[in-house]
Amino acid sequence: MIGVRLRAAMLAAIFAAVAASAQAQQMYRWTDEKGGVHITDTPPPPSAKGVQKQKPAAVAPESPQQPYELALAMKDYPVTLYTSPICKEPCAQAREALNKRGVPFKEVQVWEEDSNQELQRVTGGREVPALTVGRSVQKGFQQDAFDALLDSARYPRAGILPARNQGSPKPPEDYVPPGERPAPPRAEPAKPEEEPKPAGPYAPRFSK
């Protein structure tokens with residue numbers, strides 16, 4: 001008999017907890033006799049007017065904080081990848097290597113005089129892909145060289161950060177592929193100027 005009563009008490013407690021939880025998830029918006037608006041998680045009094053049932057707004061999950069080691073590396077040794085619209089496989093491999101390791105990076109497309117001058121100034125050459133980690137430079141894609149630069153800058157090693165999916169940027173608006181650029185005008189040989197014919201009473205005359 002005692003066991004039955006204990007079991008009944010436990011079930012009643014469980015139902016009460018479930019009911020309380022369901023009630024806690026229900027919000028009420030109502031107006032009192034003086035016109036004041038209230039929002040409560042308990043049912044309003046019988047004299048309440050304009051009662052509306054509302055569910056509490058879902059709390060957005062907190063975004064995962066950036067690891068301190070990554071934030072410090074990004075501050076001291078920012079990563080920039082130099083590519084170009086006509087660089088296909090090597091630049092794609094370089095981008096994929098950074099994405100796979102989860103390293104945030106800036107990508108600069110080299111295609112006109114200003115970007116070529118920037119690449120020359122930063123890397124000392126005009127080869128793409130080129131990677132800069134802080135002031136360190138790697139010309140051309142080599143997985144070991146990329147990893148060595150990132151390791152020396154204390155970026156988290158591969159497999160620690162979630163992979164990224166930063167894609168290839170769109171070509172600049174003014175960019176025209178080499179095959180579609182108008183051909184430069186061809187140089188034509190200069191034609192010799194005709195010597196002026198003498199005129200006057202002493203000019204030779206030709207009979208017909």
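Select helix 3 and helix 5 in this predicted model. The axes of helix 3 and helix 5 cross at roughly 45° and come within 11 Å. Helix 3 and helix 5 are therefore oblique to each other. Turn the view until one helix lies in front of the other: the crossing of helix 3 and helix 5 is right-handed.

Now show the side chains at this crossing. On the helix 3 side, the residues to select are A94, A97, L98 and R101. They meet Q143, F146, D147, L150 and D151 in helix 5.

Keep R101 and D147 selected. Which link do the side chains of R101 and D147 form? They meet in a salt bridge, with 3.3 Å from N to O. D147 lies in helix 5 (residues 143–152) and R101 in helix 3, so the pair ties together parts that are 46 residues apart in sequence. Is R101 buried or exposed? R101 counts as buried, at 3% relative accessibility. D147 is partly exposed, with a relative accessible area of 25%.

Add D151 and R157 to the selection. Together with R101 and D147, D151 and R157 are linked in a network of salt bridges. D151 and R101 have already appeared at the contact of helix 3 and helix 5.

Next, go back along helix 3 to R95 and select E107 with it. The side chains of R95 and E107 form a salt bridge, 2.8 Å from N to O. Why does this pair tie together separate parts of the chain? E107 lies in strand 5 (residues 106–109) and R95 in helix 3 (residues 89–101), so the pair joins parts that are twelve residues apart in sequence. E107 is buried at a relative accessible area of 15%, and R95 is buried at 10%.

Stay with helix 3 and select C91, then add C87. What do C87 and C91 form? C87 and C91 form a disulfide, and their sulfur atoms are 2.0 Å apart. How many disulfides does a search of the whole structure find? The search finds one. Look along the S-S bond: with 105° about that bond, the link of C87 and C91 is right-handed. C91 is buried, with a relative accessible area of 0%. C87 is buried too, with a relative accessible area of 14%.

Move on to helix 4 and select E113, then R126. R126 forms a salt bridge with E113, and the closest N and O atoms are 4.0 Å apart. R126 lies in the loop between helix 4 (113–123) and strand 6 (130–133) and E113 in helix 4, so the pair ties together parts that are 13 residues apart in sequence. R126 is partly exposed, with a relative accessible area of 48%. E113 is also partly exposed, at 45%. This pair is one of six salt bridges in the count.

The last stop is S115, which is found in helix 4. Is S115 buried or exposed? At 6% relative accessibility, S115 counts as buried, whereas E113 in helix 4 is partly exposed. Which residues does S115 touch, not counting residues up to four places away in sequence? Select Q109 and V110: S115 touches both, with those sequence neighbours left out. Q109 falls at the end of strand 5 (residues 106–109), the strand that holds E107.

Methods
Residues are numbered from 1 along each chain as its sequence is written. This is a predicted model: local features need pLDDT of at least 70, side-chain atom pairs count only at pLDDT 80 or more; totals for chains, interfaces and linings use all residues. Side-chain values use heavy atoms; hydrogens and water are left out. Helices (H or I, at least four residues) and strands (E, at least two) are DSSP runs, numbered from the N terminus. Buried means under 20% relative accessible area, exposed over 50%, partly exposed in between (1.4 Å probe, protein chains only). A disulfide is a pair of cysteine sulfur atoms within 2.5 Å. Axes are lines fitted to C-alpha atoms, for helices over the stretch in contact, and angles run from 0 to 180 degrees between N-to-C directions. Angles under 35 degrees count as roughly parallel, over 145 as roughly antiparallel, 65 to 115 as roughly perpendicular and the rest as oblique. A crossing is left-handed if the near helix is turned anticlockwise from the far one by less than a right angle, and right-handed if clockwise. Contact means heavy atoms within 4.5 Å.
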